[in-house]
Amino acid sequence: RRLLRRIGALLRVPGAAWLEDQVSAALLAMERREASVAIPVGAALNSMVYDAESATGLQLTGEQHAAVVKLLGLPVAALQGGAGVGKTTVMKVLATAWEFAGGDVVMGALAGKAALTVSRGASSPARPRLAYTIARLIGMLQRQRAQEDDPELKRPASDVTFTSRTLLVIDEAGMLDTPSLHTLLRLLPDGARVLFAGDEGQLPPVGIGKVFHDLVAEGSRVARLTQ
């Protein structure tokens with residue numbers, strides 16, 4: 001009845017296939033845009049990461065340091081690691097380094113408890129960082145877009161402003177479904193970047209799709225923590 005599309009051995013439902021193709025196109029477009037935040041290379045990049053470690057009072061392992069260096073250079077990136085390998089530590093140092101380079105960081109997670117956990121772990125007295133649920137991030141982006149269309153509209157003072165220099169860090173990304181990610185990517189300003197952090201061995205998405213798992217399986221955009 002032509003209700004499924006066959007691509008090789010894969011059968012795709014048309015609606016889900018459209019969402020998947022839109023997400024893929026959005027991520028590829030994000031990678032092709034000129035960087036809005038200049039990240040140094042080589043020794044200068046290593047030095048910036050060491051400065052971020054010092055500012056946070058953390059000392060990364062060699063594996064963690066290499067992960068931060070790699071992730072800072074990727075417009076679309078995934079941080080993969082099981083429990084206890086220091087994903088939150090890496091995110092904290094990476095966020096600080098990104099801010100040193102002139103960018104701003106917004107953190108989120110699907111569930112409120114996970115958002116609270118990453119907020120506590122990635123914050124310090126000098127640099128408090130709130131993390132938000134995906135639903136709240138989408139709401140803030142929708143209100144920002146509406147205000148851009150009509151400057152007379154008011155937004156809550158608690159809303160974050162997303163810019164071309166924003167790095168959006170999504171923790172517990174293995175649980176993120178394709179429709180939610182599609183909405184986020186559609187609303188993010190041009191130039192913004194995305195870092196997915198999670199563990200492919202934990203809970204699967206609550207809805208259709210498995211973008212984080214696919215990024216980890218593809219491999220080129222992934223930093224892996226194993227120790």
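These exercises work through pockets, cavities and helix packing in a predicted model.

**Exercise 1. The largest pocket**

Find the volume of the largest pocket, and say which residues lie nearest its centre.

*Solution.*
Step 1. Start with the space itself. The largest pocket has a volume of about 470 Å³.
Step 2. Go to the lining. It holds 18 residues. Nearest the centre are Glu20, Ser24, Lys210, Val211 and Asp214.
Step 3. Assign the lining to elements. β2 (10-12), α1 (14-32) and α8 (211-218) each give two or more residues. α1 gives the most, with six.
Step 4. Sort the lining by class. Eight residues are nonpolar, three are polar and seven are charged.

**Exercise 2. The second largest pocket**

How many residues line the second largest pocket, and which are closest to its centre?

*Solution.*
Step 1. Take the volume. The second largest pocket fills about 200 Å³.
Step 2. List the residues. The lining has 13 of them, and Lys87, Thr88, Thr117, Asp171 and Glu172 are the closest to the centre.
Step 3. Place them on elements. α4 (87-100) and α5 (112-122) are the elements that give two or more residues to this lining. α4 gives the most, with three.
Step 4. Sort by class. The lining of the second largest pocket has four nonpolar, six polar and three charged residues.

**Exercise 3. Enclosed space**

Determine how many cavities of 30 Å³ or more the structure holds, then describe the lining of each.

*Solution.*
Step 1. Count. There are two cavities of 30 Å³ or more.
Step 2. Take the largest cavity. Its volume is about 50 Å³. Its lining is made of Leu71, Leu72, Leu74, Ala77, Leu94, Trp98, Leu167, Arg193, Val194 and Leu195.
Step 3. Trace that lining to elements. α3 (62-72), α4 and β7 (193-198) supply at least two residues each. β7 has the largest share, three residues.
Step 4. Sort by class. Nine residues lining the largest cavity are nonpolar, none is polar and one is charged. The charged one is Arg193, because Arg counts as charged.
Step 5. Turn to the second largest cavity. It holds about 40 Å³ of space. Glu172, Ala173, Gly174, Met175, Gly198, Asp199, Gln202 and Leu203 line it.
Step 6. Sort again. This lining has three nonpolar, three polar and two charged residues.
Step 7. Link back to Exercise 2. Glu172 lines the second largest cavity. Glu172 is also one of the residues closest to the centre of the second largest pocket.

**Exercise 4. α2 against α4**

At what angle do α2 and α4 pack, and which residues make the contact?

*Solution.*
Step 1. Set the geometry. α2 (residues 42-56) packs on α4 at an angle of about 115°, and the axes are 8 Å apart.
Step 2. Give the hand. The crossing is right-handed.
Step 3. Name the contact. From α2 come Met48, Val49, Asp51, Ala52, Glu53, Ala55 and Thr56. From α4 come Lys92, Val93, Thr96, Ala97 and Phe100.
Step 4. Sort by class. The contact of α2 with α4 has seven nonpolar, two polar and three charged residues.

**Exercise 5. α2 against α3**

Classify the packing of α2 on α3 and name the residues that meet.

*Solution.*
Step 1. Read the angle. It is about 120°, with the axes 10 Å apart.
Step 2. Classify. That angle makes α2 oblique to α3.
Step 3. Give the hand. α2 passes α3 in a right-handed crossing.
Step 4. Name the contact. Leu45, Asn46, Met48, Val49, Tyr50 and Glu53 of α2 meet His65, Val68, Val69 and Leu72 of α3.
Step 5. Sort by class. Seven of these residues are nonpolar, two are polar and one is charged.
Step 6. Compare with Exercise 4. Met48, Val49 and Glu53 of α2 contact α3. Met48, Val49 and Glu53 also contact α4.

**Exercise 6. α1 against α7**

Is the crossing of α1 and α7 left-handed or right-handed?

*Solution.*
Step 1. Set the geometry. The axes of α1 and α7 (residues 178-187) come within 9 Å and cross at roughly 40°.
Step 2. Classify. α1 and α7 are therefore oblique to each other.
Step 3. Give the hand. The crossing is left-handed.
Step 4. Name the contact. α1 brings Trp18, Leu19, Glu20, Gln22, Val23, Ala26, Leu27 and Met30. α7 brings Thr178, Pro179, Leu181, His182 and Leu185.
Step 5. Sort by class. The contact of α1 with α7 has nine nonpolar, three polar and one charged residues.

Notes: Residues are numbered from 1 along each chain as its sequence is written. This is a predicted model: local features need pLDDT of at least 70, side-chain atom pairs count only at pLDDT 80 or more; totals for chains, interfaces and linings use all residues. Side-chain values use heavy atoms; hydrogens and water are left out. On a 1 Å grid over the protein atoms alone, a cavity is a set of points where a 1.4 Å probe fits but cannot get out, and a pocket is an open set with protein on both sides within 12 Å along at least five of seven lines; lining residues have an atom within 4 Å of a point. Grid points are joined across faces, edges and corners, and a volume is the space filled by probe spheres set on the points. Helices (H or I, at least four residues) and strands (E, at least two) are DSSP runs, numbered from the N terminus. Axes are lines fitted to C-alpha atoms, for helices over the stretch in contact, and angles run from 0 to 180 degrees between N-to-C directions. A crossing is left-handed if the near helix is turned anticlockwise from the far one by less than a right angle, and right-handed if clockwise. Contact means heavy atoms within 4.5 Å. Angles under 35 degrees count as roughly parallel, over 145 as roughly antiparallel, 65 to 115 as roughly perpendicular and the rest as oblique.
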